[in-house]
Amino acid sequence: MASAFLLAALRPAATRTAAFSFSRSSSLRAAQRSPSSQTTRPPQLRLSRRTSASLFSTAERDAAADTKSEEISAVESQIATKGDEIRSLKESGISKPELAPHVGELLALKAKLAELTGETASAPPKKEKKKGSHPKKKQGNKNNNAKKDESEMSINELRDSRLGKAAAMRDAGAEPYAYVYDPNRSASQLAREYKGKLEPGEEDADCEHTTCEGEIAVAGRIMARRVFGKLAFFTLQDETGTIQLQFDKKRLGERDAESFKNLKAWTDAGDIIGAKGTIRRTDKGELTLYAREWTMLTKSALPLPDKYHGLTDISKRYRSRHLDLIVNPSVRDTFYKRAKITSSLRRQLDAKGFLEIETPVLHTQPGGAEAKPFETYHNSMDMELTLRIATELHLKRLIIGGFPRVYELGRIFRNEGISTRHNPEFTSVELYQAYADYDDMMDLTEELVCGMANEVTDSTTIPYGEHTISLERPWRRVTMHDIVKEEIPDFDFDLNDPSTLDAAKAAATAAGVPDVQKLTSVGYVLNTCFEELCEPKLIQPTFVIDYPVEVSPLSKPHRSKEGMVERFELFATGREMANSFSELTDPVDQRERFEAQAAKKEAGDEEACGVDEEFLSALEQGMPPTGGLGIGIDRLVMLLTDSPSIRDVIAFPLLKPDA
């Protein structure tokens, strides 16, 4: 496929898709325009005297159309902004009484838009038809059916209408699905190049303010389409933003007499087109491409969602992500930022000498985390397999094999519940560095996260929901035991003394921690107290260090605290962001912990892992002191893009079938 694209790109310019070119209509056809089209022409579109001082016409007709178009655009923009605000408020759980004033503002804006577009003027003719004679009423209904408004058409009728336009194009010798087009400017490039240039009404006829040679060419999707007699204004959206296009019948007719007629007849919102011309500012100062020609690139068979009502349902947005990306620029921005974040992470690790090596997704023995795996089966090898729940054990085998710094950025699969912070498949990075410990990993974590943040924000202070998060280094470091004591001051029990278990349970129960009676050690009680009482309150970046050995089967024992391990988790906005160990290198200790996990699994714990003999065999060859780190990319992107749900940062999250 790549070679096919290359050949297309190397074709001579003369063989590429050209702008529409059709034979001129005869003077007889021009003279046979229907009387109805002549009598309904708006008075403001009559030609008036033109000034010779400007290359672009400043006739009263053009100025009036410009002004009206820009007023409509301004109100549409205000409606879109207010709609986005209301959707955000709904997602945050605002009450109906609190939401009512915002809805009132939205309705007022829509009423203003109806006035500008003339929608309120359609009522009187309907009343007059009711008062008219029966034959006239029939004739009126016939005309209305022939010009049925899109808002009254079913999705199948809309599709048939649009495909009919594609067929009409082919009948006229035009291709509705082009092969290639060469835009030389994007919307954002034009905005930068013409910033502070051109007075209202002025045209850059010779493209003096841009480095383009010849005419400016843009391409994108039609988001809004407004036609006023012999003038038309489109809002074109490309991957960088929007630009207004202006089409004038006389100007287009200089190259193709049928071009403006075809523009009106064949285009719809949602189509992808190309346009060439010069840049001007309207009388209101809006930057506009003043087109000399246009080209249909892709005829859209389906309409875009209604701009103000059509794609507000969260589930629909996730299911139809392609539409979500088209109509919601903020969603596109989130995924642009996600790409920058992961790209920055790779660059930083590569610069530090880490080597990215891919490890298997299919495992014979799940390990590296406590999680229920997805199970599958390999037919030809007759093997029961699972999808990986972590990349840890294979990356450690690479450390054993002699690579001192390795990492993998990839997908992980866990057969668990779904929430605003959990998805069955997610992205993480795991890295391992020989001759390092968890203190080194804390320093590295701060450096990596701040580096990724710099890619998408200009400040170390970022907003997240109702909070302001400071990434200023160094971040707080606190032991799990000390932070639990902040909530339960008398929780001071020996993790290695089983006789204190009942007292620990009683203290936890008194503090409101549920389900502690079934826990089998003080370490488990300590961890549960932390998760229930402390974790939700950790809004600012915080390293919680030194965990009970019971909940950390792969971590090295703490060098000075019995019953604890050298482990930290990074928390921010009340959720875990990263996890790190001074990695366990003692194969005997590791086997004992695996066997304890296997016993839990045998007792019915679906998240416990078994004994991985292949990893133990590798560990017995000797692994150097190693620091390991795992960062949840999806949650980090949520933080850096102010996204409330993990589904907002996964392009295609797993969803139940639509009922």
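User: In this predicted model, how many bridges join strand S3 (residues 231-238) to S4?

Analyst: S3 and S4 run antiparallel. They form a hairpin with two residues between them. One bridge pairs Asp 238 with Gly 241 in S4. The number of bridges joining S3 to S4 is eight.

User: Is strand S4 (residues 241-248) mostly covered or mostly open, and how many of its eight residues are buried?

Analyst: A residue is buried when its relative accessible area is under 20%. By that cut-off, S4 is mostly covered. The buried count among its eight residues is seven.

User: Which residue in S6 stands opposite Leu 245?

Analyst: S4 also pairs with strand S6 (residues 287-298). These two strands run parallel, joined by three bridges. Opposite Leu 245 in S6 stands Leu 289.

User: Which are the edge strands of the sheet formed by eight strands?

Analyst: The sheet is open, and its pairing is mixed. Its order is S7-S11-S12-S19-S18-S17-S16-S15. An edge strand here pairs on one side only. The edge strands are S7 (355-356) and S15.

User: Which residue in S12 stands opposite Val 406?

Analyst: Strand S11 (residues 405-413) and strand S12 (residues 425-434) run antiparallel. Nine bridges join them. Opposite Val 406 in S12 stands Tyr 432.

User: What angle does the direction of helix H15 (residues 392-401) make with that of S12?

Analyst: Helix H15 packs on the sheet. It touches S11, S12, S18 and strand S19 (626-632). Its direction and that of S12 make an angle of about 25°.

User: What angle does the direction of helix H16 (residues 438-456) make with that of S17?

Analyst: Helix H16 packs on the sheet too. It touches S12, S15, S16, strand S17 (564-572), S18 and S19. Its direction and that of S17 make an angle of about 15°.

User: Where does Pro 474 lie, and what is omega for the peptide bond that joins Arg 473 and Pro 474?

Analyst: Pro 474 lies in the loop between strand S14 (467-470) and strand S15 (476-479). The bond joining Arg 473 and Pro 474 is cis. Its omega is about -5°.

User: Is Asp 546 buried or exposed?

Analyst: Asp 546 lies in strand S16 (residues 542-548). Its phi is positive, about 65°, although Asp 546 is not a glycine. Its relative accessibility is 3%. The cut-off for buried is under 20%, so Asp 546 counts as buried.

User: What is the relative accessible area of Asp 642?

Analyst: Asp 642 lies in the segment after helix H22 (633-641). Its phi is positive, near 55°, in a residue other than glycine. Asp 642 is partly exposed. Its relative accessible area is 36%.

User: Which side chain does that of Thr 585 join in a polar contact of 2.9 Å?

Analyst: Thr 585 lies in the loop between strand S18 (575-582) and helix H20 (587-602). At 19% relative accessibility, Thr 585 counts as buried. Beyond residues up to four places away in sequence, Thr 585 touches Lys 556, Leu 619, Met 623, Pro 624 and Pro 625. The side chain in the 2.9 Å polar contact belongs to Lys 556.

Definitions and conventions:
Residues numbered from 1 in each chain as written. Predicted model: local features only at pLDDT ≥ 70, side-chain atom pairs only at ≥ 80, totals over all residues. Heavy atoms only, no water. Helix = DSSP H or I, 4+ residues; strand = E, 2+ residues; numbered from the N terminus. Buried < 20%, exposed > 50% of the residue type's maximum accessible area, 1.4 Å probe, protein only. Polar contact = N/O pair within 3.5 Å; in protein donor to acceptor, adjacent residues only side chain to side chain. Contact = heavy atoms within 4.5 Å. Pairing = 2+ DSSP bridges. Axes fitted to C-alpha atoms, helices over the stretch in contact; angles between N-to-C directions.
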